[in-house]
Amino acid sequence: MSATLALPTTMREAFLWAAADAIDDPAADDRVVLVLADISAGDDPIPALAARHPDRVLNVGIREQLMVGVAGGLALAGFRPIVHSYAPFAVERPYEQLKLDLGHQGSGAVLVSIGASYDVGSGGRTHQAPEDVGVIDTLPGWTVHVPGHPEEADRLVRDAVAGEGLVYVRLSEATNAAPHHGAGLVTVQQGRDGVVVAVGRTLDTVLEAVASSGRDLTVLYTTTPRPFDAVGLRAAVEALAPEHAAAPTVTMVEPYLAGTSARVVAEALDDRPHRQVMLGTHREESHRYGTRADHDAAHGLDVEGIGGRLWSS
Amino acid sequence: MTITRPPVTRSELHRLMSLMTGDEKHSAAATSTLDVLHVLYDRVLHVDPARPDDPARDRFLLSKGHGPMAFYAVLAAHGFLAESELVGWADHGSRLGLHPDRTLIPGVEIGSGSLGHGLPIAVGTALGLRARRIATGPDRPHGPRVVVLVGDAELDEGSNHEAIAYAGRRGLANLTAVVVDNASATHGWPGVWSETGLAERFLVEGWRAITVDGRDHDALELALDAAHHDRPLAVVARVEPKDS
């Protein structure tokens, strides 16, 4: 039998063990199935899991269109499929399969990606997908989780697998120092002059930037940018000093394409004038290699870059 | 099950199809599939309009979703649709569009229209039904069947070839692909050993593959019921070329 990992050290590890537990779980009624396209198929605990459950751990080879199509067919046969690969191969290559083989059929699935925007910093454009959340966001009905810590990833994957509907879980190698659990927008610190929303692993960097800015800002944290917690954002805005509550500045810090959440922030605050500052990865392709820290600096997602863009009024 | 109802006549299907107008562009596609659909629903599939969610039902997936007039006519003839619905098809309020939507019509297993999606979905459903080990009678020794209809031009889409290779390796004996071949693929499917290479694409990946006259009902029935104990089955149904 399986053993849950007491302390997963990476989000990817947390995901794989959570998936294994769901497939092993006799109370889950054998409805969970894992569909892979080679990525992670050889990583613990998957080989032993596949030996125990050859019908419910399916590696289709390097065939990502088929991976999602098969997941769609399994959902029609009553299963809860988990689909997994690097973000560009899980989201962008089989985009029409996500749209038609899952969404259009009225089916649910859990899509789990690794690689994030540039975990493979020296890997170049082919293995980087800073657009993935924006791409998923064009499709109706998807919940999007962007955990910032392995313990958050563990919880979010388990909840997504046990639930219904379409869920995208975007894992990264970069993490915050500690987990922050809670649904929607979680208040990390309360200020009076403006609101900063940190998504996933950007939180620690945002807190450092805010602290060194000397500005009195509210910092909200979320692992779930979709559906966006509009009620939570409005409540945070109302708690600012009156002159800022009437015309707030909201800074979104997302570890993927800048402006991905501009639409939902605009909808949340469509009853008042407001300024949006949208931080994230730049749209232009850099054609640069290097470490994740190099890319963070280039995209303005390090402490200096974020600090330089913080507005208080 | 379908075998208990009287056979549907060809003239009845033509009459039902004539109720649907406005998609003449796809009439070649519609008529190319007519005999295959006729035989499937009359003689092969275990489906029941009174129990469209029966876990033990066979699944028919129309992957080639364009030109669905023959499909709708067969569904109406077998009690899945009211004949009166055919007249207003493709209207804003109709459940019947130029491409079918499974969420609107019980008995339609997939929404289709974009080519190259049905066969991969069928592979997933076949894997799922096999995993669930749903018991069926001796006429279906591998449980509920999954039958997917694709076109020869549709096989241009690469996603099909991902599915053909994987289904063969997995030995999916509960899966049948019917390829309606009206010679409409722009670059064709030349064969190495035979006149048409369509069957060869499946054979080399470990399928059983049979080529038949797509207008010969007895030949279609024989091929669709052919034994394929450890592998998926492909039936290439040749009909007159699209441009003839």
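Start by selecting chain B of this predicted model and trace it from the N terminus: the elements come in the order α-α-α-β-α-α-α-β-α-β-α-β-α-β. That makes 9 helices and 5 strands for chain B.

Stay with the whole of chain B and turn it about its principal axes. The C-alpha trace spans about 45 × 45 × 30 Å along them. The radius of gyration of chain B is 17 Å, which agrees with the value near 18 Å for a compact globule of 244 residues. Of those 244 residues, 50% count as buried. Among contacts in chain B with a separation of 6 or more, 74% are between residues 24 or more positions apart.

**The sheet of chain B**

Next, show the strands of chain B alone. They include an open sheet of 5 strands in the order β1-β2-β3-β5-β4, with parallel pairing. At the edges are β1 (59-62) and β4 (208-213) of chain B, each of which pairs on one side only. From one strand to the next, the twist averages 20°.

Zoom in on β1(B) and select strand β2 (residues 146-151) of chain B with it. The two pair in the parallel sense over 4 bridges. Show side chains here and pick Leu62(B), which stands opposite Leu149(B) in β2(B).

Now move to the other edge strand, β4(B), and add helix α9 (residues 217-224) of chain B. This helix lies across β3 (175-181), β4 and β5 (233-238) of chain B. Relative to β4(B), helix α9 runs at about 175°.

**The nonpolar core**

Which residues touch the most other members of the largest nonpolar core? Select Val35(A), Tyr72(B) and Val123(B); the core they belong to has 166 residues. Helix α1 (residues 11-24) of chain A gives the most to this core, with 10 residues. The core also draws at least three residues from each of domain 1 (11-170) and domain 2 (186-312) of chain A. In soluble globular proteins, nonpolar side chains tend to be buried together.

Centre the view on Tyr72(B). Setting aside neighbours within four places in sequence, Tyr72(B) is in contact with Met20(B), Leu81(B), Leu86(B), Trp89(B) and Leu96(B).

**Where the chains meet**

Bring both chains into view and colour them separately. How many residues does each chain put into the contact? Chain A puts in 24 residues and chain B 23 residues. On the side of chain A that touches chain B, the elements giving two or more residues are α3 (64-76) and α5 (95-104) of chain A. Select α3(A) to see the element that gives the most to that side, with 9 residues.

**The two domains of chain A**

Finally, hide chain B and colour chain A by its domain assignment: domain 1 is 11-170 and domain 2 is 186-312. The C-alpha centres of domain 1 and domain 2 of chain A lie 28 Å apart. Between them, 23 residues of domain 1 of chain A are in contact with 21 residues of domain 2 of chain A.

To view the domain 1 side of this contact, select α6 (132-136), β5 (142-145) and α7 (150-162) of chain A, each of which supplies at least two residues. Which element gives the most to the side of domain 1 of chain A that touches domain 2 of chain A? That element is β5(A), with 4 residues.

Notes. Residues are numbered from 1 along each chain as its sequence is written. Chains are lettered from A and ligands numbered from 1 in the order in which they are written. This is a predicted model: local features need pLDDT of at least 70, side-chain atom pairs count only at pLDDT 80 or more; totals for chains, interfaces and linings use all residues. The radius of gyration is taken over C-alpha atoms; the globule rule is 2.2 Å times the number of residues to the power 0.38. A residue is buried if 20 or more other C-beta atoms lie within 10 Å of its own, exposed if 12 or fewer, and partly exposed in between; C-beta atoms are placed from the backbone. Two residues are in contact if their C-beta atoms, placed from the backbone, lie within 7 Å. A nonpolar core is a set of buried Ala, Val, Leu, Ile, Met, Phe, Trp, Tyr and Cys residues joined through C-beta atoms within 7 Å. Domain bounds come from an automatic or database domain assignment. Two strands pair if DSSP finds at least two bridges between them. Axes are lines fitted to C-alpha atoms, for helices over the stretch in contact, and angles run from 0 to 180 degrees between N-to-C directions.
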